[in-house]
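Welcome! Please take a moment with the sequence and the structure shown here before reading the short tour that follows.

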Amino acid sequence: MKTKHFKFNPIMLALAISVTVIGCNDDDDSTNPDPQPPSNGETTNYRAQAEQMVAQLSVSEKLDIVTGPGMNNPEGAVNLLQDVPGVAGYINGVVNDDVNIPATKLSDGPAGLRIEPTRDGDENTYYATAWPIGSVLASSWNKELVEQVGEGQGNEALEYGVDVILAPGMNIQRNPLNGRNFEYYSEDPVLSGRMSAAMVEGMQSQGVGATIKHFVANASETDRYYVDDIVEPRALREIYLRGFQISADEAEPMAIMTSYNLVNGTYVNQREDALIDIVRNEWGFDGMVMSDWFAGNIMQINDAVPVDPDSALKQQIAGNNLIQPGNNKESLQQAYDAGELTDEVLDRNVVEILTQVQKMPTYRGYDYSNQPDLDAHATLARQAAAEGTILLKNNDAALPITSGSSLATFGVNQVNFYKGGTGSGDVNAAYTVNLIEGLEQTYQINSALTEYYENYFVENRVEVGNLLGTNYECEDAPVTDNPELQVLVSQAAQDNTAAIVTFGRQAGEGGDRSPEQGDYRLSTQELDMLTQVAEAFHAQDKKVIVVLNVNGIIDTSDWADLADAILLPYMGGQEAGNAVADVVSGAVNPSGKLAQTIPKAYSDVPSSETFSGLDTNDDGVIDETHMNEGIYVGYRYYTSFDVDVAYPFGYGLSYTTFDYGQPTIVENTLSSGSDGAISFTATITNSGTVAGKEAAQLYVSAPEVKLMKPTIELKDFAKTDELAPGASQSLSFNVPASVLASFDPENNQWIVESGTYSVYVAPSSDITDVAPITFSVASEIVVSDTTPGAFALPEGVDAASFVTVAEQ
Ligand code: BGC
């Protein structure tokens, strides 16, 4: 990464003198411009200085700090030295006789930095890299790779003058129809938590802040400002909070963003048990907590729901330090005057924010270049997109296809290839490589077909509105009753080596998907196209490859039999088409594996009957989601309740094969209590004929004493380097007691129960043919005590209506 240039800033020097702090030595005087990004270890000193600063602020200045200037309001931002058009929000600064704190800038998001690419009267451009979406990154199961992507994105933020990135998104993919699943990593909390930690570490290595979001249980978009998730405390702990805890512990993100939804009757950003008891006291989180934009019913969004005039006050009391985008000063001033917002609460929130502000590039006087290395980042984006691509099916080695062959490409998505989803997770990238542009680097492409689809797209596309703009969608052309396309199909089956059929699905923030045809299931036209193409090509003994350029998973049961090979690249960012071509040609041997299960049918999804929720008071607003599957989310459900799936969690094919050696226990210190762990090693050998990487997963099947448990749970994973044919690598796995533990809601404790544990080191969650090794725990280990009553179910909710409870 580039060398950083911090310029000398007299304001900072003045501040350094005015807030000389006890216990702050020369080495970590944060007010001196420092070429190195600050390390989290210095937080204590920043905190001491923040406490000094707060003593020098008026109430009005403190209120400026805890609530931003409002949406799209750089003019209103206090002490904004230099704006970056397109940022999502600001933390106000302060100037008085004693302190001079510049405003700092917060910018989305999960698939790349979201800023305006052009500026009035300025011929320079400010494009950012569109990285592969979160679901792709997680499917790589490669933490080092994700960390590198984080470094790249962090560097773009730094060089474009942004202080805090509003990412990574890391909600659990509870249901495949959540419109924002693309921003998230997985249905599993350990995978989500580790991926998030890698991303945060990469971003923050560049000296900017990262924000883990959306905390917590934000699992749907429909009426997202009002939906109340009714969730058992055990499911919250084991599924929804666990990933955030792992990420907060491992990577110390600068910020946590609270989510829009309520949990068990109260907005998350107004829950002291969540933000103080759990996040600060139990986890020891040292960063700042900010709201999601307009969250907590703070302003009128839907006429059916009256605004809560005390929302800002409640957020402040609960420990939601920073209200975004803000503009709530007046209501907070009134609350202060009425004695409802105390100095203690206000000062606490200001200290949390200023502790972080001191680490930010703007405060530190970083002289940004506006010239991140976009070429290097594009190369990395392509590599990451290819590594996260999943090969679901590959009968008779349909893939790879020899370079130089001629290909027939079907489906309008080939020319309308999606780089990512819509909303705040979208990125203003300089370009997107579509499938055709990618394939034509390596193959001869049937140009008559491409031309057909280009014209068809232009004639039939519709511009649809999304939360922050518009995008094109276009229904596919049926082949039946379409003489022109029929001729092209039969000609192509004669002339070309293979058919590539692509299906696309766009989705994003502010809406959920539908389980119907045309969305979760293929439309009639799409099915018709695939059927006709498969018939024509199979009649010539030629292969049909399906490419899924989708925001989230779609049904495969209706049509998988028609395809010889299925590739799931999701949305690979700006280099998407090149990355697919790399896998199709075998330049990259696929090593992606599913971070979410593909069920046989949507109705098999354990939350299919409760998603996205209910309108309980008939006001036209979905206001409640009963998460009655409890801890049985994703593979935890399918494996425990013997439900057959189309493709299991963790699954993905390669062009080579791997042998798994018997795992062995390296060290077992579990009996030492909360700091204990058990570690394993297993040797993976490339038993095939092509070089490749393998993501190995460690699942545990735990004994049931007090608590029912899923049949298996992922506890760690590791990926080999690229192994040459015949080469082996020994992988290490470590399972800390905290990750092994289950949550005992009766006693408010994380416990490791006594008994025999089976450990499977496996290529996927289908462990049918995997021999376990076992270890035993002699007596129950209490890993930690937690806050009694935290996130308790609302009164009147029948605990027995949750599967987890009902199973006990
Ligand atoms: C989204 C956040 C985003 C924020 C700022 C909200 O609508 O939920 O994820 O960071 O806007 O753009």
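## Two helices that cross

In this predicted model, helices α5 and α6 make a right-handed crossing, a term used when the near helix is turned clockwise from the far one by less than a right angle. Helix α5 covers residues 143-159 and helix α6 covers residues 189-204; helices here are DSSP runs (H or I, at least four residues), and strands are DSSP runs too (E, at least two), numbered from the N terminus. Their axes come within 6 Å and cross at roughly 40°. Axes are lines fitted to C-alpha atoms over the stretch in contact, and angles run from 0 to 180 degrees between N-to-C directions. The two helices are therefore oblique to each other, as angles under 35 degrees count as roughly parallel, over 145 as roughly antiparallel, 65 to 115 as roughly perpendicular and the rest as oblique.

Which residues of α5 and α6 meet? On the α5 side they include Lys 143, Val 146 and Glu 147, and on the α6 side Arg 194, Met 195 and Ala 198 are among them. Contact means heavy atoms within 4.5 Å.

## The nonpolar cores

The largest nonpolar core has 84 residues. Such a core is a set of buried Ala, Val, Leu, Ile, Met, Phe, Trp, Tyr and Cys residues joined through side-chain atoms within 4.5 Å; buried means under 20% relative accessible area, exposed over 50%, partly exposed in between (1.4 Å probe, protein chains only). Phe 215, Val 216, Leu 236, Tyr 240 and Tyr 699 touch the most other members. Helix α7 (residues 233-251) gives the most to this core, with 8 residues. A second, separate core of 83 residues includes Phe 457 and Tyr 570.

Leaving aside residues up to four places away in sequence, Tyr 240 touches several residues, including Ile 172, Val 216 and Met 627.

## Backbone details to look for

Two cis peptide bonds are worth finding. One runs from Asp 108 to Gly 109, with Gly 109 in the loop between β4 and α4. Another joins Lys 213 and His 214, and His 214 lies in strand β6.

Asn 72 has a positive phi near 45° and counts as exposed at 61% relative accessibility. Asn 297 has a positive phi of about 55°, but this residue is buried at 10%.

## How to read the values

Residues are numbered from 1 along each chain as its sequence is written, and side-chain values use heavy atoms, leaving out hydrogens and water. Local features need pLDDT of at least 70 and side-chain atom pairs count only at pLDDT 80 or more, while totals for chains, interfaces and linings use all residues.
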